[in-house]
Amino acid sequence: MSTLEVSPAEPRHYESSQRIINDFSIQVATVNGSGSQTANTVLMRAIFQMGIPVSGKNMFPSNIAGLPTWFTIRASKDGYIGRKKEIDFLVAMNPESAREDVMKLESGAAVIYDEPLKLDALRSDLHFYPVPFDKLVGPVCPEAKLRKLVRNMIYDGVVARLLSLDMEEIRTALVKQFGKRKAKAAELNWGAVKAGYDFTAKNLPKTDPFQVERMNSTAGKIIIDGNAAAALGCMFAGVTVVTWYPITPSSSLVESLMVYLRRYRIDPETGKATFAVIQAEDELASIGMVIGAGWAGARSMTSTAGPGISLMSEFVGLGYYAEVPGVIFDVQRVGPSTGLPTRTQQGDILATALLSHGDTRHPMFFPASPEECFTMAIQAFDLAEQFQTPVFVMTDLDLGMNNWMSDPFPYPTEPIRRGKVLTAEDLEKLGGFARYKDVDGDGVGYRTLPGTGHPAAAYFTRGSGHNDKAQYSERDDDYANNMDRLLRKFENMRSQVPAPLLDYTENARLGLICIGTSHHAVSESRDQLRHEHGLESSYMRIKAYPFGPELTQFIRRHDRVYVIDQNRDAQLLALMRLELETDDIARLRSVRYYGGLPLDARTITDEIVEQERI
Amino acid sequence: MSTTVAPPPPKKVNRIGLEVIPYKGGKTTLCAGCGHNSISERIIECFYEMGIEPWKVAKFSGIGCSSKSPAYFLGMSHGFNSVHGRMPSVATGAILANRNVLGLGVTGDGDTASIGLGQFMHLLRRNLPMLYVIENNGVYGLTKGQFSATADLGSKLKTGIVNDLPPFDCCALALQWGATFVARSFSGDKRQLQAMLKAAIAHNGLSVLDVISPCTTFNDHEGSTKSYGYMKEHEEPLHELDFVPHYEDISVEIAEGEVMDVRMHDGSTLRIKKLGRDFNPTDKFAALSALNDAEKRGEVLTGVLYVDTAKPNLIEMLNMADEPLATLPESKTRPSRQALDELMEELR
């Protein structure tokens, strides 16, 4: 905002009958590194504990300390957990961003702010709550050096009082956050929460309409981030070799995994690890180790983001061609290079599908929730070993690094599938084998693992031309036959990857298609389109690539199909174009967002309404 | 391929009852006289003579003439001809997956000292238990004779171009950054190379063998410092080597004070016979200093430069299960339903 337009309107004072219950977003604006994460998590948890559907999104800079950061908590009685574009309740703690944050608010929003900032002078159409944080923190935190961290807990008390949050729930969340070992720290912070609450009760009469009321919509649910969920999936998939190179936003996936593995995968009888984790020197090495380990029979994985995917390109092509299993998690972020490393995007879809030189195609999973991060991790390992090929799990920063409400994860019901591996006993019966021979007609040959104690076990793995006995060959028919078999293998995956989520609305002329985290915004947008514009729509959320036959069927049942992409170049749509027929392609339209924030429903709704008017 | 060696008598077998045939590989496609073919022969002999089960070996290579050679030996071993300069990461993954596999990496100077320098250095740091043989000829053969990063200062290409950049000494790097068995040899020195390879097989850590292996097509001319002729004139062996495997008795034919015995992990002995100078291969700094002195004198120092049999290797440091991770049963790799319930409860 460049100018300060002071609205003449006074904010209304709301009677209890006009209250807005369990439907608002809180934005906390702080300085990166000021310890606000604890205060924000406690606030989110307290709302969750009161049974209200809630989501939390951290919008943070690529910086360790000093730059502005925003945390948004959305409470939604209707269960919408996508980002809400409009902010209803601002907690302005950062002098740097406060002015702009306030000017961006819609009329009628509420602002809790640090009193010396004097934000109430900026506008007259908002509900202002000045709080003297520095004065309040002194008495509750005698130790001066801790005040910076404890200070933020005060706003939890202020928000609790203004929104009628149950203080006992705040306390419970606080104790959970600090754990038993940090009881003293929890007590100190609790003092700050109370100070905020008491100050507000005495000095700040409530004028805004927002309020929480207990519901029963979160019973039994858990709160977890997508990276930790994926890590759990890897552990329950039976991962044995993990390699990684630190990169935002994927680092916490392997960091979580290491914690879980140390806890559950040390053999109690021997005290030895049933896994190996290597922090590699770069992504070139981490993917090399994944390929080496997969070749030798381990369940191997790595986790990275776009720049890592670029670096892994050559090895992934070798993995495809030499037919080596491995699982690669791509927690997507804005690119290229360092781009906006702490902002979200789905910008690696197209590059990953065709990663590397020559003819290559790679299967991808698109989880939309922590639960799918968990289940798809397990499916990805099975698929990789069944089809002997690198498999990608494409999450994003929004899913990976933010906390999400989720149903508890289901324990896997199927045994681990290790694919076609011949043992020494098998070889004794068979007398030998041809590594790349399509014995079963599904394009997948039988492999042996190094160390298999049989004279006929060995074969030579290479990226260069080979015949079905894995012998070096530069014959054109050997090369072409092999490439055709690889394509058959890929085609066979269509029925083996998870089918899309389909929600048909009778007589709807519009169809909406998306992947991954776009789901939450798209689901809400469909309701907006229906309620605000009378536009009915059907919906398909694609869960994996290669696409199944459902894609064509879905397109043909609708006049216009909007493909929602979180990238500039409509990459999901482009991937569809590669295999759809012209008539089907003609029905596709594109909705794109690529600003780096989690996608919100309003952006989609506005864009579709705009295109529908044409 | 040697054509003069008579085939072994029909029944001649090694200590595990195998003939030499299973240790051989496909017919070489490298140039006649290539040093790499001699190294392949030494590998065949050593693995045969030591009675290593070939199916327990996994061969690794990158890209280049040297990296093609694993197809020409140990045909009964799994092999992985990977991507340029990044064989160390593939080998690392494979050995993590199966710690019982004996890893044998064969690479070249182009593969290791340029694109592969980063992975090579990190392999050294990790002390991954495997053999890492550099077939060093100072040129890129497969792309027709460009200088590599181990080409000596002043060395001349066939075209007359003179190398004006200093070389990487892979042995010096290996010594400095953590390999626990470091040796240099010459593909034409059969006896020395055999002893070295056998000791490396017996070693329980990373063995780096930098073997000068002349390229007859692109770097065997006057003015080259990696030619047969140059090596004949400038090779300076540090000592004489004898390898006595653990299943044989050590003969005592040499006078006291003239030998140093290094006990290898598997109980074998590397017997080092003095040749005029005092050199202790357990002293890293003495080795670096010897390399430095040799360089000043224009000599190519060969022999075992360094052995450390005590330092833990990567597998040991990771406290990994004794059985291969690759074939652990589901009962060991998938935690129980109770474990998941417990985790879910904590997240509520």
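Begin by selecting A:Arg462 together with B:Asn81, the residue of β2(B) that is the bridge partner of A:Arg462; bear in mind throughout that this is a predicted model.

Next, widen the selection to strand β17 of chain A, residues 460–462, and to β2(B), and you will have two strands that run parallel and are joined by 3 bridges.

From the strands, turn to a pair of side chains, and select A:Glu314 and B:Arg86, which meet in a salt bridge with a distance of 2.4 Å from N to O. Between chain B and chain A the count of salt bridges is 6, and across the interface of these chains 30 residue pairs are in polar contact, both residues of each pair being at pLDDT 80 or more.

Now colour the side of chain B that touches chain A by element: two or more residues are given to this side by each of β1 (57–61), β2 (78–81), α3 (87–97), α5 (117–126), α11 (330–333) and α12 (337–347) of chain B. Pause at α12(B), since the largest share of that side, 8 residues, comes from this helix. If you then colour the same side of chain B by residue type, its residues divide into 26 nonpolar, 17 polar and 11 charged.

Finally, step back and show both chains in full, with every contacting residue selected: 54 residues of chain B are then seen in contact with 72 residues of chain A. The area buried between chain B and chain A is about 5300 Å², and carbon and sulfur atoms give 63% of that area.

Definitions and conventions
Residues numbered from 1 in each chain as written. Chains lettered and ligands numbered in written order. Predicted model: local features only at pLDDT ≥ 70, side-chain atom pairs only at ≥ 80, totals over all residues. Heavy atoms only, no water. Contact = heavy atoms within 4.5 Å. Buried area = accessible area lost by both parts, 1.4 Å probe. Salt bridge = Lys/Arg side-chain N within 4 Å of Asp/Glu carboxyl O. Polar contact = N/O pair within 3.5 Å; in protein donor to acceptor, adjacent residues only side chain to side chain. Helix = DSSP H or I, 4+ residues; strand = E, 2+ residues; numbered from the N terminus. Nonpolar A, V, L, I, M, F, W, Y, C, P; charged D, E, K, R; others polar. Pairing = 2+ DSSP bridges.
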